[in-house]
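This report goes through a pocket, some charged pairs and the cysteines of one structure. Please look at the sequence and the model before reading on.

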Amino acid sequence: MSGIYFHIPYCKQACYYCDFHFSTNRNTQREMVRAMTTELEMRNDFLQQPVETIYFGGGTPSLLEIKQIAALLEKVYALFKVERQAEITLEANPDDVTKENLSGWKSLGINRLSIGIQTFQQKYLHYMNRVHDTSTAQKAVELAQSEGFHNINLDLIYGIPHQTLQELYDDLLKFVALRPQHISAYCLTIEEKTVFGNLFKKRKLTPLSDEETADFFVKVSQFLTQNGFEHYEVSNFCLPNYYSRHNASYWQSKPYLGIGPSAHSYDGNMHRYSNVSNNANYLQLIRQKILPFHIEKLSTANRINEYIMTSLRTKWGCNLKYLQHHFNYDLLAQKGKLITQKYLGKYLNIENHCIVLTLEGKLLANTIASELFLDDL
């Protein structure tokens with residue numbers, strides 16, 4: 001199976017914690033949608049397997065008009081074989097979740113919504129320059145449910161400067177009370193070239209300490225698992241059988257096609273494709289019928305390391321038999337001593353030929369993965 005990802009490069013607000021392009025200009029958006037349909041045509045032979053998931057993400061996909069989303073989906077169905085039960089996800093801002101939009105999205109076959117609530121603390125929404133308020137966020141979820149959407153993800157951000165554990169608990173209580181099927185919980189990171197990044201450089205912002213954010217992570221996991229959610233990936237929680245099939249395809253090294261500026265693609269084998277990030281450059285290349293990406297040929301070591309990195313983040317873990325079968329690589333023979341002496345028991349376990357991280361291990365997922373990497377074959 002394979003997936004298609006649309007990276008919509010416009011955002012409704014200039015977010016303090018990310019660097020998406022801020023634009024509500026309808027003409028530029030229409031031109032971008034036309035370019036993305038053209039890119040689909042130019043790459044119609046990329047996926048050789050049926051499409052199992054379609055994902056509208058990036059900045060603010062819910063900014064698009066219904067007819068623009070329809071144009072992209074119609075092109076997908078014209079060019080690719082799409083599974084009848086395909087998961088089709090749209091990321092939406094709470095203030096875009098209207099009865100009219102919901103009806104339009106549902107008519108197009110969109111069957112999963114990801115709503116960017118972030119927090120129910122109004123002061124932190126303002127701090128992060130979010131457009132919506134807490135009342136709008138709650139009404140958006142309730143309206144989506146009343147209009148027949150029963151596969152809903154809510155985005156939660158924690159570890160915001162000055163946030164307390166009690167405020168985090170208040171958020172978690174309200175998130176769970178809305179009865180979503182999925183919650184993505186991300187710790188706020190301070191990135192360069194963002195407003196938060198600049199404030200941090202000028203010492204006008206003090207992020208929470210590593211110890212505080214680690215405590216927040218553990219509390220989030222414990223609370224959600226106690227309330228029936230499965231912690232199936234470091235940042236993702238779901239009710240039984242509601243994991244994100246699209247994101248799982250990334251973690252399981254399945255092929256996917258990324259469309260739009262900054263989008264990435266993977267052929268499931270040896271090549272990764274990175275689209276140009278600049279909107280104007282992307283549009284110009286598409287007008288000239290030039291494929292807008294850079295190709296990276298992955299070495300066997302690259303592929304092994306990517307698999308280790310992504311698989312360790314999930315409940316399924318790093319499958320030792322998969323490494324042996326696909327790469328003739330025996331991870332335990334190479335790293336068994338390190339695993340046994342440093343991580344086994346407290347940070348990871350080996351179950352059914354899979355290395356699976358414990359909750360404490362998930363806090364160190366990147367560190368553990370990097371120590372299990374190989375330099376070359």
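The second largest pocket has a volume of about 270 Å³. A pocket here is an open set of points on a 1 Å grid over the protein atoms alone, where a 1.4 Å probe fits, with protein on both sides within 12 Å along at least five of seven lines; lining residues have an atom within 4 Å of a point. The volume is the space filled by probe spheres set on the points, which are joined across faces, edges and corners.

The model is predicted: local features need pLDDT of at least 70 and side-chain atom pairs pLDDT 80 or more, while totals for chains, interfaces and linings use all residues. Residues are numbered from 1 along each chain as its sequence is written, and side-chain values use heavy atoms, without hydrogens and water.

In the lining of the second largest pocket there are 17 residues, and Tyr 250, Ser 253, Tyr 266, Arg 272 and Glu 306 lie nearest its centre. Helix H11 (300–312) is one of the helices that supply at least two lining residues; H11 gives four, the largest share. Helices (H or I, at least four residues) and strands (E, at least two) are DSSP runs, numbered from the N terminus.

Arg 272 and Glu 306 also form a salt bridge, their closest N and O atoms being 2.2 Å apart. This pair joins strand E11 (residues 271–275) to helix H11 across 34 residues. A salt bridge is a side-chain nitrogen of Lys or Arg within 4 Å of a carboxyl oxygen of Asp or Glu. The structure holds 14 of these salt bridges, three of which are tabulated.

| Pair | Closest N to O distance |
|---|---|
| Arg 272 and Glu 306 | 2.2 Å |
| Arg 313 and Glu 233 | 2.7 Å |
| Glu 230 and Lys 315 | 2.8 Å |

Glu 230 and Glu 233 both belong to strand E7 (residues 230–233). Their partners, Lys 315 and Arg 313, are in the loop between H11 and strand E13 (318–319). Glu 233 is buried because its relative accessibility is 2%, whereas Glu 230, at 31%, is partly exposed. Buried means under 20% relative accessible area, exposed over 50%, and partly exposed in between (1.4 Å probe, protein chains only).

How many disulfides does the structure hold? There are zero, a disulfide being a pair of cysteine sulfur atoms within 2.5 Å. For Cys 238, the nearest cysteine sulfur is that of Cys 354, 18 Å away. The sulfur of Cys 318 is 7.7 Å from that of Cys 354, so the two are too far apart for a bond. Cys 318 is buried, at 1% relative accessibility.
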